[in-house]
Amino acid sequence: MTISELVRTDGALPMTESFEAVSLGQLHDQASQVDDELLPCRVNNPELWFAESPVDVESAKALCQECPVRSLCLDGALERREPWGVWGGQLFLQGVVIARKRPRGRPRKNEVAA
Ligand code: SF4
């Protein structure tokens with residue numbers, strides 16, 4: 001079962017029992033029924049959602065919390081493995097959710113090379 005086959009019915013974190021199977025197209029249809037003016041990323045500066053500044057990224061994550069399609073947005077971003085940006089109230093980097101953006105600068109001394 002993949003994330004795109006699921007839709008949350010109770011707004012809770014993913015749990016198999018609380019999902020019903022739907023297609024990715026159905027998820028998109030549900031999101032498109034919401035007025036754009038209710039989507040924080042449509043009524044605020046969209047650059048916030050792809051900002052370099054950790055402060056701006058945290059602002060975007062906070063604004064997403066009020067979004068009526070947040071869980072759908074997050075599911076879609078996980079399915080697409082978004083390379084970067086804030087989606088569904090989470091920060092993505094190279095397809096996975098990361099806790100926070102590190103500011104530019106010198107890497108940590110003990111950082112392990114990839
Ligand atoms: S949850 Fe998604 S659609 Fe809603 S404001 Fe955040 S990025 Fe935009």
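Reader: With which side chain does the side chain of E82 make a polar contact?
Author: This is a predicted model, in which local features need pLDDT of at least 70, side-chain atom pairs count only at pLDDT 80 or more, and totals for chains, interfaces and linings use all residues. Residues are numbered from 1 along each chain as its sequence is written, and side-chain values use heavy atoms, with hydrogens and water left out. A polar contact is a pair of N or O atoms within 3.5 Å; within protein, one must be able to donate a hydrogen and the other to accept it, and residues adjacent in sequence count only if both atoms are side-chain atoms. The partner of the E82 side chain, at 2.7 Å, is the side chain of R80.

Reader: Is E82 buried or exposed?
Author: E82 is found in the loop between helix 4 and strand 3 (84-87); helices (H or I, at least four residues) and strands (E, at least two) are DSSP runs, numbered from the N terminus. Its contacts (heavy atoms within 4.5 Å), leaving aside neighbours within four places in sequence, are A77, W87, F92, Q94, G95 and V96. Because its relative accessibility is 12%, and the limit is under 20% relative accessible area (1.4 Å probe, protein chains only), E82 counts as buried.

Reader: Why do the buried residues of helix 3 line one face of the helix?
Author: In helix 3 (residues 54-64), V57, A60, K61 and C64 are buried. What covers them includes helix 4, strand 3 and strand 4 (90-93). They line one face because, seen down the helix axis, with directions taken from the axis to the C-beta atoms, they fall within an arc of 100 degrees.

Reader: Which residue of strand 5 is the bridge partner of L91?
Author: Strand 4 pairs in the antiparallel sense with strand 3 over four bridges, and with strand 5 (residues 96-98) over three; pairing requires at least two DSSP bridges. In strand 4, L91 is the bridge partner of V86. On strand 5, the partner of L91 is I98.

Reader: Which residue takes a positive phi near 60 degrees in the hairpin of strand 3 and strand 4?
Author: The hairpin of strand 4 and strand 5 has two residues between the strands, and there Q94 takes a positive phi near 55 degrees. The hairpin of strand 3 and strand 4 has two residues between the strands, and the residue with a positive phi near 60 degrees is G88.

Reader: How many nonpolar residues does the shell around the ligand have?
Author: Among the residues surrounding the ligand (a heavy atom within 4 Å) are C41, C64, R70 and G88. Helix 2 (40-43) and helix 4 (70-80) each supply at least two residues of this shell. Ala, Val, Leu, Ile, Met, Phe, Trp, Tyr, Cys and Pro count as nonpolar, Asp, Glu, Lys and Arg as charged, and the others, Gly among them, as polar. Besides one polar and one charged residue, the number of nonpolar residues is eight.

How values were computed
Buried < 20%, exposed > 50% of the residue type's maximum accessible area, 1.4 Å probe, protein only.
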